[in-house]
Amino acid sequence: QVHLVESGGGLVQAGGALRLSCAASGDYFSKYAMGWFRQASGKEREFVAAISRSGGSTSYADSVKGRFTIPRDNAKNTVYLQMNSLQPEDTAVYCCAATITPMSLIRYEYGYWGQGTQVIVSS
């Protein structure tokens, strides 16, 4: 079992950048592929990015491709979401999640979730 805690959210102007962190504890971090999802007000939770256990493979939603990256540091038990060129439509609660599958874009395949961190992008 793994426990996840996100940090790094906040208010930023359009065009700005934020880096979210997700710290894991309780189990071997490198056992899990990791993902970031987001949920805007009134909308369903959607996939943002995923990374494999070793960090050798990544995947991104089309809406963030080229702007966001998802590095991980297995020595620090942490996965990040580097968000550049933020736009108002990126405003959402961002959650990290862990899966025992090799890597997944499907939220139902993630068994462990953090509590989320709010990101607000002003125009």
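**Notes on a predicted structure**

1. Along strand β1, which spans residues 3-7, the side chains alternate: Leu4 and Glu6 point to one face and are buried, while His3, Val5 and Ser7 point to the other face and are not buried. The model under discussion is a predicted one, and the remarks below should be read with that in mind.

2. Strand β1 does not stand alone, since 5 bridges join it to β3 and the two strands run antiparallel. Within this part of the structure, Ser7 stands opposite Ser21 of β3, and Ser7 belongs to the face of β1 whose side chains are not buried.

3. Strand β3 also carries one end of the disulfide, and a search of the whole structure finds 1 such bond. The partners are Cys22 and Cys96, whose sulfur atoms lie 2.0 Å apart. This pair links distant parts of the chain, with Cys22 in strand β3 and Cys96 in strand β10, 74 residues apart. Both cysteines of the pair, Cys22 and Cys96, are buried. The torsion about their S-S bond is about 55 degrees, so the disulfide is right-handed.

4. A reader may ask why Cys95 has no bond to the closest cysteine sulfur. The closest cysteine sulfur belongs to Cys96 and is 7.5 Å from the sulfur of Cys95, which is too far for a bond. Cys95 counts as buried because its relative accessibility is 5%, and the cut-off for that class is under 20%.

5. In soluble globular proteins, nonpolar side chains tend to be buried together. Here the largest nonpolar core has 34 residues, and those with the most contacts inside it are Met34, Trp36, Leu81, Met83 and Tyr94. Strands β3 (18-25), β4 (33-39), β5 (46-51), β9 (78-83), β10 and β12 (117-122) each supply at least two residues of this core.

6. Trp36, which is among the core residues with the most contacts, lies in strand β4. Trp36 counts as buried because its relative accessibility is 0%. The C-alpha atoms of Trp36 and Thr117 are separated by 11 Å, although these residues are 81 residues apart along the chain.

7. Turning to charged side chains, a search of the whole structure finds 6 salt bridges. One of them joins Arg67 and Asp90, whose side chains meet at 2.8 Å, N to O. This pair links distant parts of the chain, with Arg67 in the loop between β6 (58-60) and β7 (68-69), Asp90 in the loop between β9 and β10, and their positions 23 residues apart. Are these two residues buried or exposed? Arg67 is buried, and Asp90 is buried as well. Salt bridges that share partners join Arg38, Glu46, Arg67 and Asp90 into one network.

8. Two further salt bridges deserve a note. The side chains of Lys31 and Asp27 meet at 3.2 Å, N to O, and Lys31 is partly exposed, with a relative accessible area of 41%. The side chains of Asp62 and Lys65 meet at 3.1 Å, N to O, and Asp62 is exposed, with a relative accessible area of 68%. Asp62 is placed in the exposed class because its value passes the cut-off of over 50%.

9. Not every nonpolar side chain is hidden, for Leu105, Ile106 and Tyr108 form a nonpolar patch on the surface, with about 350 Å² of accessible area together. Leu105 lies in the loop between β10 (92-99) and β11 (112-113), and with 44% relative accessibility Leu105 counts as partly exposed.

10. Which backbone angles should a careful reader check in Asn77 and Ser85? Phi of Asn77 is near 55 degrees, a positive value in a residue other than glycine. Asn77 lies in the loop between β8 (72-73) and β9 and is partly exposed, with a relative accessible area of 27%. Ser85 likewise has a positive phi, of about 50 degrees, although it is not a glycine. Ser85 lies in the loop between β9 and β10, and at 37% relative accessibility Ser85 counts as partly exposed.

How values were computed
Residues numbered from 1 in each chain as written. Predicted model: local features only at pLDDT ≥ 70, side-chain atom pairs only at ≥ 80, totals over all residues. Heavy atoms only, no water. Patch = residues over 30% accessible without salt bridge, like charges linked within 9 Å, V, L, I, M, F, W, Y side chains within 5 Å. Areas by Shrake-Rupley, 256 points an atom, 1.4 Å probe, with all protein chains shown as cover. Salt bridge = Lys/Arg side-chain N within 4 Å of Asp/Glu carboxyl O. Helix = DSSP H or I, 4+ residues; strand = E, 2+ residues; numbered from the N terminus. Buried < 20%, exposed > 50% of the residue type's maximum accessible area, 1.4 Å probe, protein only. Core = buried A, V, L, I, M, F, W, Y, C linked by side-chain atoms within 4.5 Å. Pairing = 2+ DSSP bridges. Disulfide = S-S within 2.5 Å.
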